[in-house]
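Q: I am new to this structure and would like a close look at the aromatic rings and the charged side chains. Please walk me through them slowly, explaining each term as you go.

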Amino acid sequence: MRSVSVFGVTGSIGAQTLDLLRRAGGAGAFRVVALTGGRNLAALAEAAREFRAEVAVCADEGGLAELRERLAGSGVAAAAGAAAIAEAADRPADWVMSAIVGAAGLVPGLRALRHGGVLALANKESLVTAGPLLMAEAAAHGARILPVDSEHSAIFQALAGEEIAAVERIILTASGGALRDWPLERLAGATVDEALAHPNWAMGQRITIDSASMFNKALEVIETREFFGVEPGQVEVILHPESLVHSLVGFRDGAIMAHMGAPDMRHSIGYALNWPRREALPVARLDLAQVASLTFRAPDEARYPALRLAREVMARRGLAGAAFNAAKEAALDQFLAGAIGFMDMAGVVEATLEALEPEMGAANLPRGLEDVLRMDHLARQRAGEIAARIAGGR
Ligand code: NAD
Ligand code: MG
């Protein structure tokens, strides 16, 4: 029986992962090791009971008493706090879903890789902040990282049986998010609710806003470079409002392999769950006659400063990814709190990168996890200060 753990089980990707596990036989077909969540203790406890998990862990230590109460009599152990989540990753499992949002997903993912097995990686922040560490850890332990981000799953599938040396370019598609058709001058005044109205994908709150700002695509560009080992100049972004082509790979003979399907994350999650086989998945089938046409256009850089910043981060590499991601997370917190405007987020990230330039040292690779975590902390702090100045001036 295959053993599985799901980190971030109460989120959007976590719930869709459970849906697939349930359809594949649930607790009778998998040995569920660890399930972790954030504040939604009811959902965490319910999932842990249903799947008869060995342990359920919530992020907040203050939630432990309630979690224990909710699990009373179930035989599921309860734990709480970031250290307990990392320890849950020390329990071996054949297949681990990494679906915590943000840099908090890095440590559990890294620790899970030590057992070999498969790490299904939805947490793109891991590769952005510490790509070389993650890839080295996987190689050292014979573990396999399978991308779950729809674009990267698409690229991975387009590359099946191909040599990476034959790849000329990788083209990431982007829906453009909720505000893609807004006039540029209105963007500064966009509210949280407006940025949350994603046209095609139903996702967690943070990634949905990152889609509108294209910070999500910026993270994905870096993720592509780190995961597939291509040069920064080989990664392109194209706006594709229909979200039916999930990404494309161009080869040196001029061929382009595109991956298409309905916008449903259960395809990418299911592909990683069943890899290297393909099994039936409960996703809508495309009716191409109904689709009729697909449209593409170049992204407007003035609207999406995040894409330019991603290129700077890739040129710098080293600890720049950790600084970029942490500054982005801090800026997003301030936007969600109503302290800064939508377009201020890019300003905060850019100013943070500039301020931390001396701290990044030479264009070095991160020496270890401590360096990454230190830069993450520093960048959050600096971004918070910069955001506070902007908020004060508003
Ligand atoms: P979400 O906000 O819906 O869920 C996030 C999960 O992480 C929840 O279980 C939450 O409780 C947990 N969590 C949040 N902060 C935590 C912390 N500090 N410590 C421990 N756990 C914490 O997010 P999501 O949309 O499911 O996205 C999860 C990851 O997958 C992100 O990295 C996102 O970029 C990526 N991703 C999501 C989608 C999507 O369709 N939702 C698509 C591609 C990639
Ligand atoms: Mg994506």
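A: Let's begin with the rings: searching the whole structure turns up five aromatic pairs. Rings of Phe, Tyr and Trp (its six-membered ring) pair if their centres lie within 6.5 Å; planes under 30 degrees apart are stacked, over 60 edge-to-face, and the rest tilted. Phenylalanine 156 and phenylalanine 227 are edge-to-face, because their ring centres are 6.4 Å apart and their planes stand at 65°. This pair joins distant parts of the chain, with phenylalanine 156 in helix H7 (residues 150-158) and phenylalanine 227 in helix H10 (residues 215-228), 71 residues apart. Helices (H or I, at least four residues) and strands (E, at least two) are DSSP runs, numbered from the N terminus. Both phenylalanine 156 and phenylalanine 227 are buried; buried is under 20% relative accessible area, exposed over 50%, and partly exposed in between (1.4 Å probe, protein chains only). Ring pairs also gather Phe156, Phe227, Phe228 and Tyr271 into a cluster.

A word on what you are looking at: this is a predicted model, where local features need pLDDT of at least 70 and side-chain atom pairs count only at pLDDT 80 or more, while totals for chains, interfaces and linings use all residues. Residues are numbered from 1 along each chain as its sequence is written, chains are lettered from A and ligands numbered from 1 in the order in which they are written, and side-chain values use heavy atoms, leaving out hydrogens and water.

Helix H10 also brings us to the charged side chains, since glutamate 220 lies there. Glutamate 220 is a protein donor of the magnesium ion (ligand 2), along with Asp149 and Glu151, at 2.1 to 2.2 Å from the ion. Donors are N, O and S atoms within 2.8 Å of the metal (3.2 Å for Na, K and Ca); water is not among the atoms, so sites may look incomplete. Along the chain, the donors follow the spacing D-x1-E-x68-E. Aspartate 149 counts as buried because its relative accessibility is 7%; glutamate 151 is buried at 8%, and glutamate 220 at 1%.

What do these acids pair with? Side chains of opposite charge can pair when their charged atoms come close. Here a salt bridge is a side-chain nitrogen of Lys or Arg within 4 Å of a carboxyl oxygen of Asp or Glu, and the count comes to 28. In one of them, aspartate 149 meets lysine 124 at 2.9 Å, N to O. Aspartate 149 sits in the loop between strand E7 (144-147) and H7 and lysine 124 in helix H6 (residues 124-141), so their pairing ties together parts that are 25 residues apart in sequence. Lysine 124 forms a salt bridge with glutamate 220 too, the closest N and O atoms being 2.9 Å apart. That pair links helix H10 with helix H6 across 96 residues. Lysine 124 is itself buried, at 5% relative accessibility. Put together, Lys124, Asp149, Glu151, Lys217 and Glu220 form a network of salt bridges.

For another salt bridge, look at arginine 308 and glutamate 350, whose closest N and O atoms are 3.0 Å apart. Arginine 308 is in helix H13 (residues 305-316) and glutamate 350 in helix H15 (residues 344-356), so parts 42 residues apart in sequence are tied together. Both differ from lysine 124 in cover: arginine 308 is partly exposed at 30% relative accessibility, and glutamate 350 is partly exposed at 25%.
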